[in-house]
Amino acid sequence: MSSSACLAIFISGSGSNAEKIIEHFQHHESIKVGLLLSNNGAAYGLQRAARYNIPTLVFTKTQFHESDEIVTILKAAGITHIVLAGFLWLIPDNLIAAFPLRILNIHPALLPKFGGKGMYGMRVHEAVCAAREIETGITIHEVNAHYDEGKIIAQHKCTIEKTDTPESIAQKVQQLEHQYYPVEIENWIRTS
Ligand code: GRF
């Protein structure tokens, strides 16, 4: 790996994963979180980042999809790697081209099952529950121009009991996310 890495985290909502990532790298010798970005000015994750003195940026659809502004800002901030943590917009081609194989996402199910456009948040866990799956989990994958289709870096599983509901499944999956996303990000950076 290069001598040091600087992460940008993209979020759209609560940002609990972002907070775990920030905590994980807070005192890291060679990897730091340089910026947290959101398409949603009301995202609670912005407040979480501010508590750790991580710079934040809120952007519009036009800035993101119809200009190079975000790429310019990321490059100027020295960002080397991008992680998506509950970010709901498709990543535009110019951003993928500027960070080839340097963008990671987490999906709250075992891809290729229960992925694709519109599969996010509780919709995923409701679909998993309705399909009477016996296990679910998380998938950490590289990002390309299609929702949930990049190379899979890691998957972690949990079992589903007959008594589980979409809500209890969501809790189990969130626990896996918090436990594994930061360390898998670190492994990915080290080996990339
Ligand atoms: C997580 O379940 C993640 O897998 C999905 O969006 C959710 C984000 O949760 N992509 P949070 O904002 O990190 O709490």
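This short talk goes through the ligand site, the pockets, the cavity and two backbone details of one structure.

Before anything else, please keep in mind that we are looking at a predicted model, and that every value I quote has been computed from that model.

Let me begin with the ligand. Its surroundings are made up of Ser14, Gly15, Ser16 and Asn17, together with Gly86, Ile106, Pro108 and Glu177. If we sort this shell by class, 5 of the residues are polar, 2 are nonpolar and 1 is charged.

Which atoms come into polar contact with the ligand here? From Gly15, a backbone N or O atom is placed 2.7 Å from an oxygen atom of the ligand, and from Ile106, a backbone N or O atom is placed 3.2 Å from a nitrogen atom of the ligand. Glu177 takes part through its side chain, with a polar atom that lies 2.3 Å from a ligand oxygen atom. As for how much of the ligand is covered, the ligand taken alone would expose 370 Å², and the protein buries 80% of that area.

Where, then, does the ligand sit with respect to the pockets? It is in the largest pocket, which holds about 830 Å³ of space. The lining of this pocket comes to 37 residues, and those nearest the centre are Gly86, Phe87, Leu88, Tyr120 and Gly121. Two or more lining residues come from each of helix 1 (16-25), strand 5 (103-107) and helix 7 (166-191), and the element that gives the most is helix 7, with 4 residues. By class, the lining of the largest pocket divides into 17 nonpolar, 17 polar and 3 charged residues. For those of you who want to connect the pocket with the ligand shell, Gly86 is one of the residues around the ligand, and Gly86 is also among those nearest the centre of the pocket.

Turning to the second largest pocket, its volume is about 220 Å³. Its lining consists of Val128, Cys129, Arg132, Glu133 and Ile134, followed by Ile160, Glu161, Lys162 and Asp164. In terms of class, there are 5 charged and 4 nonpolar residues in this lining, and no polar ones.

Next comes enclosed space. How many cavities of 30 Å³ or more does the model contain? The count is 1, and the volume of the largest cavity is about 30 Å³. Around it we find Gln63, Phe64, Ser67, Ile70, Val71, Pro92, Asn94 and Leu95, which by class are 5 nonpolar and 3 polar residues, with no charged residue in the lining. At least two of these lining residues are supplied by each of helix 3 (61-65), helix 4 (69-76) and helix 5 (93-98).

Finally, there are two backbone details that I would like to place on the record. As general background, most residues other than glycine have a negative phi, and most peptide bonds are trans. In this model, however, the peptide bond that joins Leu111 and Pro112 is cis, with omega at about 10°, and Pro112 belongs to the loop between strand 5 and helix 6 (122-130). The other detail concerns Leu101, a residue other than glycine whose phi is positive, near 60°; Leu101 is located in the loop between helix 5 and strand 5.

Key: Residues are numbered from 1 along each chain as its sequence is written. This is a predicted model: local features need pLDDT of at least 70, side-chain atom pairs count only at pLDDT 80 or more; totals for chains, interfaces and linings use all residues. Side-chain values use heavy atoms; hydrogens and water are left out. A residue is near a molecule or strand if one of its heavy atoms lies within 4 Å of it. A polar contact is a pair of N or O atoms within 3.5 Å; within protein, one must be able to donate a hydrogen and the other to accept it, and residues adjacent in sequence count only if both atoms are side-chain atoms. Accessible areas come from the Shrake-Rupley method with a 1.4 Å probe; for residues, only the protein chains shown count as cover. On a 1 Å grid over the protein atoms alone, a cavity is a set of points where a 1.4 Å probe fits but cannot get out, and a pocket is an open set with protein on both sides within 12 Å along at least five of seven lines; lining residues have an atom within 4 Å of a point. A molecule sits in a cavity or pocket if more than half of its atoms lie within 2 Å of its grid points. Ala, Val, Leu, Ile, Met, Phe, Trp, Tyr, Cys and Pro count as nonpolar, Asp, Glu, Lys and Arg as charged, and the others, Gly among them, as polar. Grid points are joined across faces, edges and corners, and a volume is the space filled by probe spheres set on the points.
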